[in-house]
Amino acid sequence: MEAISTSPKGLELGKLKVVRGCLLQRYEHEPFISCLAGFYSCRWKRYQRRRTEPGKCCCKMKECVFFPLLVGAFCFSVVFLYMCYEAKNDYNDFDWYTYGNLGFWFLWSLVLLTVAAILFIYITLLLVLAMCLLAEGQQLYLHWSHKVGTFLVLGFSITPLIIVSLFWGDQWKNVLLSFQITAPYLHIGAIAIMVLLSWPVALHAIRADKKVVQVIIVGPYLALLLFLFLIPLGMYSPCIREMGTLGPKPALIGHRGVPMLAPENTEMSFQKTIEHGGDGLETDVTISYDGVPFLMHDSTLRRTTNIKEVYPNDTAQNAALFSWDTLQELNAGTWFLKDKPFSGMGSLSRADQNQAMNQSIYKLSHFLRLAESQNKLVIFDLYRPPKNHPYRNSWIKRTLEVILNESGIRPHLVLWLENTMRSFVQSVAPGFQQTMGSKAPVEELLLDNIVKLNLAYTEMSSEDIRRYAEANITTNFYVVNEPWLFSLAWCSGAHSVTTNAVHTLKNLSQPLFLMTPQQYNIMWILTDVTSVLLISLIFALHWWRERSFSCCAQDGGPMVESGTYNKFRRELSDMPVVIT
């Protein structure tokens with residue numbers, strides 16, 4: 001036995017056991033790869049997996065076709081989630097639209113955001129698993145259930161984007177506006193992703209046995225990386241500006257008061273605006289059947305009153321067809337406590353709840369007296385009564401009578417927005433600040449004595465704001481609720497904004513994301529230099545690993561192979577050669 005153990009054959013057998021033990025240790029005890037392949041492919045056992053051969057494709061033909069779908073689903077889910085998040089400014093409008101179509105109130109906007117987040121997290125995890133498997137040199141095989149999930153993500157991401165494009169096309173303008181704020185930070189995120197992708201790219205490029213394959217792998221990667229490096233050259237953000245060039249903070253005009261804290265268009269809502277330091281009040285004016293102008297945004301009373309309980313047969317009737325005595329019977333506050341129209345409203349104090357429950361429909365004359373007593377600007381949309389209404393053709397004159405004769409408000413506090421009979425209004429009330437609701441050439445605006453523009457925030461442009469300001473025409477943008485959008489309006493030079501969130505925007509002492517060009521250049525250069533160093537290090541590490549493995553050949557044995565990248569079964573099948 002001793003002779004056998006010291007014979008060349010015995011030595012080879014001992015060597016074989018060592019090799020087999022090393023292979024088993026490497027291929028059987030791989031908990032990290034087992035978890036990756038298990039979650040991605042449902043292949044938890046080693047014999048179910050295959051390593052990528054050097055110079056070969058990372059997956060079979062079917063998987064090669066499906067992998068771009070996985071990447072595409074990820075991209076669409078990113079766009080869907082980004083749009084849903086940036087659309088938070090208009091969540092209330094979306095919920096109001098669904099209420100008008102469905103007939104009941106629900107925060108569908110939060111449901112949409114939650115779905116977008118779940119889809120993004122799911123598809124991102126799949127993509128991360130795929131990248132980790134590629135980094136480990138494993139062949140990709142996506143389980144059929146995940147393939148179904150990928151198609152669902154594609155469907156649930158693309159369909160809402162199409163619907164938004166058809167019915168709310170302005171949301172794309174919102175996305176473009178947001179890039180003026182987020183682009184510098186999205187750029188850093190994109191560079192970070194490219195650094196992470198450099199690991200599998202370097203692995204498969206260095207392992208490729210043909211120069212053409214290496215160029216196909218590395219070429220697009222480097223082209224995209226160079227593009228990202230140069231993006232800041234064409235980037236513009238009004239919040240990247242020199243010190244001392246920032247204009248004054250825009251004035252805050254409460255949109256129907258503070259509808260996040262009190263029922264909209266009620267006395268309580270406007271009082272809350274004043275308490276939180278609002279500079280102006282915005283509302284909507286309708287004229288009752290007997291000629292009393294009152295505050296109401298909707299054409300019906302269904303959403304913001306209890307008319308369903310008091311007059312259940314008249315819920316669809318136009319609000320202007322009710323007499324003022326009938327309107328006074330309705331409660332305009334209980335709906336607010338029941339429906340909670342804004343997400344993140346928080347809970348009201350007991351005193352505020354009691355006050356909200358006792359709100360009634362507010363008269364225009366009382367609204368104007370409140371504004372006059374607090375020296376607040378007022379702006380309102382004036383709705384023409386429907387056909388067969390007694391004041392159908394005299395609605396402008398009736399409203400002017402209330403403003404000039406019944407309210408006592410000083411004319412310069414009124415921002416007159418209605419364009420009908422503007423010349424008549426100017427002759428009767430020359431002290432009003434004439435306001436236009438759309439852009440127009442400066443010459444036309446000056447000819448009509450326009451001193452302010454009231455524009456949707458999607459029309460925000462720092463160049464237009466500056467051009468109008470040079471002609472002493474100020475700009476107001478509506479409805480601006482999110483701090484990032486208010487920051488953009490501030491940096492762009494807006495004079496005022498109409499907002500649902502006076503109580504939060506009042507606390508901003510400076511715009512978010514404000515920085516000097518020097519600070520941004522430093523951030524840009526540091527990001528690019530750091531990424532170049534990390535990517536170079538990753539490529540060098542993979543080159544060194546491959547070179548080390550190729551030099552680790554055993555004397556005359558079959559271990560002169562492709563290092564750790566050979567399949568376990570092939571290496572085991574080569575072991576009998578050692579014995580022979």
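**How the labels in this predicted model are earned**

In this predicted model, Lys 147 sits over the face of Phe 66, 5.6 Å from the ring centre.

Q: What makes Lys 147 count as lying over the face of Phe 66?
A: The rule wants NZ of a Lys within 6 Å of the ring centre and within 35 degrees of the ring normal. Lys 147 is at 5.6 Å from the ring centre and lies over the face. Arg 303 does the like with Trp 335, at 5.7 Å from the ring centre.

Q: Why is the aromatic pair of Tyr 82 and Phe 179 called stacked?
A: Rings pair if their centres lie within 6.5 Å, and planes under 30 degrees apart count as stacked. By this rule the count comes to 15 aromatic pairs. For Tyr 82 and Phe 179, the centres are 5.6 Å apart and the planes are at 25°, so the pair is stacked.

Q: What does the pair of Tyr 82 and Phe 179 tie together?
A: Tyr 82 belongs to helix α4 (residues 61–86) and Phe 179 to helix α8 (residues 170–207), so the pair joins parts that are 97 residues apart in sequence.

Q: Does Tyr 82 count as buried or exposed, and how do you know?
A: Buried means under 20% relative accessible area. Tyr 82 comes in at 19%, so buried is the word. Phe 179, at 35%, is partly exposed, because that label covers values between 20% and 50%.

Q: Why is the pair of Tyr 97 and Trp 168 called edge-to-face?
A: Planes over 60 degrees apart get that name. Here the planes are at 80° and the ring centres 5.0 Å apart, so edge-to-face fits. This pair links distant parts of the chain, with Tyr 97 in helix α5 (residues 91–102) and Trp 168 in the loop between α7 and α8, 71 residues apart. Tyr 97 is partly exposed at 34%, and Trp 168 is partly exposed at 26%. Both residues belong to one aromatic cluster, together with Phe 94 and Phe 167.

Q: How do you know that the span of helix α7 is close to the expected one?
A: Helix α7 (residues 144–167) has 24 residues and reaches 35 Å from its first C-alpha to its last, against 34 Å expected at 1.5 Å a residue. Its buried residues include His 146, Gly 149, Val 153 and Leu 161.

Q: How many helices and strands does the protein chain have?
A: There are 23 helices and 9 strands. Of the chain's 580 residues, 46% count as buried.

How values were computed:
Residues numbered from 1 in each chain as written. Predicted model: local features only at pLDDT ≥ 70, side-chain atom pairs only at ≥ 80, totals over all residues. Heavy atoms only, no water. Helix = DSSP H or I, 4+ residues; strand = E, 2+ residues; numbered from the N terminus. Expected span 1.5 Å × (residues − 1). Buried < 20%, exposed > 50% of the residue type's maximum accessible area, 1.4 Å probe, protein only. Phe/Tyr/Trp six-rings, centres within 6.5 Å; stacked < 30°, edge-to-face > 60°.
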